[in-house]
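Here are my notes from going through the model, as numbered points. Have a look at the structure alongside them.

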Amino acid sequence: PLLPGQLIDGRPVMLGVLGGGQLGRMFVHAAQALGYETVVLDPDRHSPAGRISHHFIEADYRDADALRELAARAAAITTEFENVPAEALAELARARPVAPAAGAVAIAQDRIREKAHFARCAERSGVAPAPYAVIESEADLADVPADLLPGILKTARLGYDGKGQARVATRGELAAAWRGMGGVACVLEQLLPLALECSVIVARGRDGQVVALPVQRNLHRGGILSVTEVYEGNVPRALASQAQAATVDIANQLGYVGVLCVEYFVLQDGRLVVNEMAPRPHNSGHYTVDACDASQFDLQVRTLAGLPLPQPRQHSAAIMLNLLGDLWFDAAGAPRTVPWPDVLALPGAHLHLYGKTEARRGRKMGHLTFTGPDAASVRERALAAAALLG
Ligand code: ADP
Ligand code: MG
């Protein structure tokens, strides 16, 4: 293990992160709280994590010299960015412990391999992905079973926040959408009747010990996560246990080390369906910073450093509101001052801004978590905040 307070050549142990976004920033906060130093690699010199890290390497993820420098400075390396090239992680792993491993990240980056992994796990857990077909050629289009329409066509790689997706009702629309995506590898999923969406975060250590966080209930707007609610009864209890068990199994079967988030659908008939996974902390887990005795970022530090993983406990009910750049503009599109003092006057408000200097529509600028003794109190506070934010 890399112990807190341990010195290497007279300096505190340095932990490395590939990617400098808000997830990396919160990892840096957690690592620094334990006395570690940090090094962040990101192409953007104003990256949220880079600007608070002890050391920052401004470089492309594929820059061999920069990766060597990262490996030279860091005693162990993690990632916060789903689309970081898996080869970069593999390269780093030749020099240093890396978690999660390149192989697991490569599976999570490719919806075709991801769904195949879920389908294998479903034989044990009973939680299957949506019915789907792989589309890599014109011939695959012709072979699509009729019952997959209406469906959602998703690019196998590089999709996020609803990007790289198209809803298609007919074979004609499917063919047009696939060609419109440049004929890249895709999956077509049956469009399912959703009752709700939820996600589960687990942390798994090198020794195979695994802990699961509570089930998060998620609301999306425009393809982007908008609200996460976590309190007793947010999701029927039997489904919550089933989702946690399925997530633990997915991590175990990958031999995963680190923090993993798996997204689920609950269908109108009550069935649980597994959607996708992120090989890193997740936007839906931000409430853990304020509402749990170990956050998803604390767990990421612990799994990377080889520290103990006690079962986290949620001590407060929580609702998290994502703060998109849209809030920084009024209805006419003019810049506006967000009324933070009024928001912060509400009890149980925890404001997190990521230090991004430019607000843009749809850009994640921060989040606001309300904690309280029960679901009713956090709902009331979140509604009051939503009214203030407009
Ligand atoms: P992303 O990588 O953009 O998060 P997702 O696969 O999670 O991609 O899809 C984004 C959203 O689209 C989901 O959160 C859900 O609301 C909706 N969605 C995705 N797949 C389906 C499906 N098969 N049936 C119904 N809704 C879906
Ligand atoms: Mg998703």
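1. Which loop holds Pro100? Pro100 sits in the loop between helix H3 (86-93) and helix H4 (102-108). This is a predicted model, so please read everything below in that light. What caught my eye here is the peptide bond from Ala99 to Pro100, which is cis, with omega near 0°.

2. There is a cis peptide bond between Leu149 and Pro150 as well, with omega about -5°. Pro150 belongs to the loop between helix H6 (138-143) and strand E8 (151-155). With a relative accessible area of 44%, Pro150 is partly exposed. Leaving aside residues up to four places away in sequence, Pro150 touches Val168, Ala169, Gln190 and Leu191. For a sense of scale across the model, the C-alpha atoms of Pro150 and Val28 are separated by 43 Å, and the two are 122 residues apart along the chain.

3. Staying around that cis bond, take a look at Thr170. Its C-alpha atom is 6.5 Å from that of Leu149, with their positions 21 residues apart along the chain. Thr170 is in the loop between strand E9 (165-168) and helix H7 (171-180), and at 39% relative accessibility Thr170 counts as partly exposed.

4. Another backbone spot to check is Asp9, which has a positive phi of about 50° although it is not a glycine. You'll find Asp9 in the loop between strand E1 (7-8) and strand E2 (11-12). Is Asp9 buried or exposed? Exposed, because its relative accessibility is 78% and the cut-off for that label is over 50%.

5. Now the metal. Which residues are the protein donors of the magnesium ion (ligand 2)? They are Glu263 and Glu276, each through OE, lying 1.9 to 2.3 Å from the ion. Glu263 lies in strand E15 (residues 258-267) and Glu276 in strand E16 (residues 272-278), so the pair ties together parts that are 13 residues apart in sequence. Glu263 counts as buried, at 14% relative accessibility. One caution before anybody worries about the number of donors: water is not among the atoms, so the site may look incomplete.

6. On to the domains. The protein is divided into domain 1 (7-98), domain 2 (131-190) and domain 3 (194-389). The centres of domain 1 and domain 3, taken over C-alpha atoms, are 23 Å apart. In contact across that pair are 22 residues of domain 1 and 22 residues of domain 3. How much area is buried between domain 1 and domain 3? About 1,800 Å², with carbon and sulfur atoms giving 66% of it. On the domain 1 side, Leu23, Met26 and Glu82 lose the most area to domain 3, together 31% of what that side buries.

7. Gln22 deserves a look too. Its place is in helix H1 (residues 22-33), and with a relative accessible area of 14% Gln22 is buried. Beyond residues up to four places away in sequence, the contacts of Gln22 are Pro48, Glu80, Tyr354, Lys356 and Lys364.

8. Why is helix H10 (residues 296-305) described as largely enclosed by the rest of the structure? Because 8 of its 10 residues are buried. The buried ones are Gln296, Phe297, Leu299, Gln300, Val301, Thr303, Leu304 and Ala305. Just after H10, Gly306 takes a positive phi of about 75°.

9. Further along comes Pro312, in the loop between H10 and strand E17 (317-324). Pro312 is buried, with a relative accessible area of 9%. Apart from residues up to four places away in sequence, Pro312 touches Val211, Leu213, Asp293, Ala294 and Leu299; of these, Leu299 is one of the buried residues of H10. The C-alpha atoms of Pro312 and Ala212 are separated by 7.9 Å, although 100 residues lie along the chain from one to the other.

10. Last, the aromatic rings. How many aromatic pairs does a search of the whole structure find? It finds 2. Also worth displaying is Lys115, which lies over the face of Tyr132, at 5.9 Å from the ring centre.

Terms used. Residues are numbered from 1 along each chain as its sequence is written. Chains are lettered from A and ligands numbered from 1 in the order in which they are written. This is a predicted model: local features need pLDDT of at least 70, side-chain atom pairs count only at pLDDT 80 or more; totals for chains, interfaces and linings use all residues. Side-chain values use heavy atoms; hydrogens and water are left out. Donors are N, O and S atoms within 2.8 Å of the metal (3.2 Å for Na, K and Ca); water is not among the atoms, so sites may look incomplete. Helices (H or I, at least four residues) and strands (E, at least two) are DSSP runs, numbered from the N terminus. Buried means under 20% relative accessible area, exposed over 50%, partly exposed in between (1.4 Å probe, protein chains only). Rings of Phe, Tyr and Trp (its six-membered ring) pair if their centres lie within 6.5 Å; planes under 30 degrees apart count as stacked, over 60 as edge-to-face and the rest as tilted. A charge sits over a ring if NZ of Lys or CZ of Arg is within 6 Å of the ring centre and within 35 degrees of the ring normal. Contact means heavy atoms within 4.5 Å. Domain bounds come from an automatic or database domain assignment. Buried area is the accessible area (1.4 Å probe) that two parts lose on being put together, summed over both.
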